Amino acid sequence: MLEPEKLCEYLMKGAVVVVQITPFEDKEELDIEGLRENTAFLVEKRHLGPLMLLPTGSTGESYALNDEERKKVIRTVVDVANGKVPVMAGTHRAGAKWTAEHSKYAEDVGADGVMVILPYYHIPSEEGLYRHYKKIAESINIGMMVYNNADVSKIYIKPRLLKKMVEEIPNIVAVKENTPFIPTLYAQIKTVGDRVPVIQGRGEWWFAATAFLGVKGYVSGYANFAPEFCIDLLKAGMNGDYARLKDLIKKMDPLEEFVAEMNEKYGPTTSIMSYPYVDMYMIYGVIKAAMDILGLHGGHMRLPLLDISDEDKKKLEKIIFEKTVLAKTR
């Protein structure tokens with residue numbers, strides 16, 4: 001288990017944070033053996049470059065897991081990682097008490113840190129938001145990453161409050177920043193980036209577009225099945241190799257275009273969030289289908305999110321094997 005200072009140092013150098021999917025079988029049962037194999041696959045790739053595993057996050061459909069399932073997923077990933085790759089567990093609900101209890105559970109089973117998303121449902125005051133994170137952080141001795149994501153919470157930690165939190169809550173070790181507004185992202189980096197790493201939370205394209213601002217790596221769902229590609233992208237960004245970044249992102253275009261097609265096909269969206277916030281999440285079904293195609297364990301989505309159809313899976317298979325380097329993973 002890494003001490004908070006060591007975890008902060010690890011992430012400050014740049015890392016791909018793999019937001020792990022949670023595999024479900026035909027009747028939505030938790031596929032623990034599949035999760036074990038998926039995690040072992042990622043642990044085996046640690047020689048490629050800096051990875052961190054993040055189970056029970058949004059990509060892992062944490063909201064759709066009951067308490068025991070969430071604990072089982074966290075424990076399984078920690079056991080398989082066995083200290084070889086850092087593990088940061090998603091331990092968030094809207095209330096501080098539940099989140100603190102599950103954060104303590106993650107610590108007890110050996111996680112290196114926890115990720116805590118903004119409290120959702122009721123909108124708190126800035127003081128309430130500050131106390132929320134302070135209470136959770138004080139319940140554990142491991143590091144905490146603040147997940148600053150307005151897409152799923154309706155609220156946002158602005159630079160002034162984030163500065164106070166980072167200065168006064170010592171075991172905050174990173175910020176996963178999901179703003180789609182680049183000047184705001186830059187303001188966050190200028191405000192806290194000398195103390196804790198600001199991780200690009202919106203994936204590969206956004207990392208490539210903002211690497212020059214000083215983000216320290218990025219969060220990736222595609223790394224569940226394409227860690228080589230994702231590490232290559234990380235290294236290009238951290239080394240300032242923008243020609244390489246451009247080339248890698250272009251090779252990702254067919255997959256990104258397919259995700260956009262699935263969002264359109266399975267829409268229309270019910271979101272009232274304004275552009276450019278995320279309004280559809282078919283990407284998770286695409287990731288799971290890609291994992292199945294490549295011999296990993298993607299499995300099914302849990303409602304209310306949807307799987308893609310068998311017809312679309314055949315189209316995805318062709319894209320993976322004929323049009324994108326993302327297939328070269330096994």
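## Helix 2 and its neighbours

In this predicted model, the buried residues of helix 2 pack against two strands and three helices: strand 1 (15-19), strand 2 (51-54), helix 3 (67-81), helix 9 (227-238) and helix 11 (283-293). The residues of helix 2 that count as buried are Ile32, Gly34, Leu35, Asn38, Thr39, Phe41, Leu42 and Val43.

The length of helix 2 can be checked with simple arithmetic. Helix 2 runs over residues 32-44, and at 1.5 Å a residue its 13 residues should span 18 Å. The C-alpha atoms at its ends are 18 Å apart, so the expected and modelled spans agree.

## Salt bridges along helix 4

Side chains of opposite charge can pair when their charged atoms come close. This structure holds 20 salt bridges, and helix 4 (residues 96-108) is a good place to start looking at them.

Here glutamate 101 pairs with lysine 97, with 2.5 Å between the closest N and O atoms. The two residues are 4 apart in helix 4, about one turn of the helix. How exposed are these partners? Glutamate 101 has 43% relative accessibility and therefore counts as partly exposed, while lysine 97, at 56%, counts as exposed.

Helix 4 also carries a salt bridge between aspartate 108 and lysine 104, at 2.6 Å from N to O. Aspartate 108 and lysine 104 are likewise 4 residues apart, about one turn of the helix. Aspartate 108 is exposed, with a relative accessible area of 52%, and lysine 104 is partly exposed at 34%.

## Helix 5 and a charged network

Moving on to helix 5 (residues 126-138), arginine 131 and glutamate 127 are separated by about one helical turn because they sit 4 residues apart in this helix. They form a salt bridge whose closest N and O atoms are 2.9 Å apart. Arginine 131 is exposed, with a relative accessible area of 55%; glutamate 127 is partly exposed, with 36%.

Salt bridges can also link up into a group. Asp232, Arg244, Asp247 and Lys251 are joined in a network of salt bridges.

## An enclosed cavity

Rolling a probe the size of a water molecule over the atoms shows where empty space is left. How many cavities of 30 Å³ or more does a search of the whole structure find? The search finds 1, and the largest cavity has a volume of about 40 Å³.

The residues lining the largest cavity are Gly285, Lys288, Ala289, Asp292, Gly299, Met301, Asp307 and Lys313. Helix 11 gives the most to this lining, with 4 residues. By class, the lining of the largest cavity has 4 charged, 2 polar and 2 nonpolar residues. Helix 11 is also one of the elements that the buried residues of helix 2 pack against.

## The second largest pocket

The second largest pocket holds about 160 Å³ of space. Its lining is made up of Pro4, Glu5, Cys8, Val166, Ile169, Pro170, Asn171, Ile172, Val173, Arg195 and Val196. Helix 1 (4-12) and strand 6 (172-177) are the elements that give two or more residues to this lining, and the largest share, 3 residues, comes from helix 1.

What classes of residue line the second largest pocket? Its lining has 8 nonpolar residues, along with 1 polar and 2 charged.

Notes. Residues are numbered from 1 along each chain as its sequence is written. This is a predicted model: local features need pLDDT of at least 70, side-chain atom pairs count only at pLDDT 80 or more; totals for chains, interfaces and linings use all residues. Side-chain values use heavy atoms; hydrogens and water are left out. The expected span of a helix is 1.5 Å times one less than its number of residues. Buried means under 20% relative accessible area, exposed over 50%, partly exposed in between (1.4 Å probe, protein chains only). Contact means heavy atoms within 4.5 Å. A salt bridge is a side-chain nitrogen of Lys or Arg within 4 Å of a carboxyl oxygen of Asp or Glu. On a 1 Å grid over the protein atoms alone, a cavity is a set of points where a 1.4 Å probe fits but cannot get out, and a pocket is an open set with protein on both sides within 12 Å along at least five of seven lines; lining residues have an atom within 4 Å of a point. Grid points are joined across faces, edges and corners, and a volume is the space filled by probe spheres set on the points. Ala, Val, Leu, Ile, Met, Phe, Trp, Tyr, Cys and Pro count as nonpolar, Asp, Glu, Lys and Arg as charged, and the others, Gly among them, as polar.
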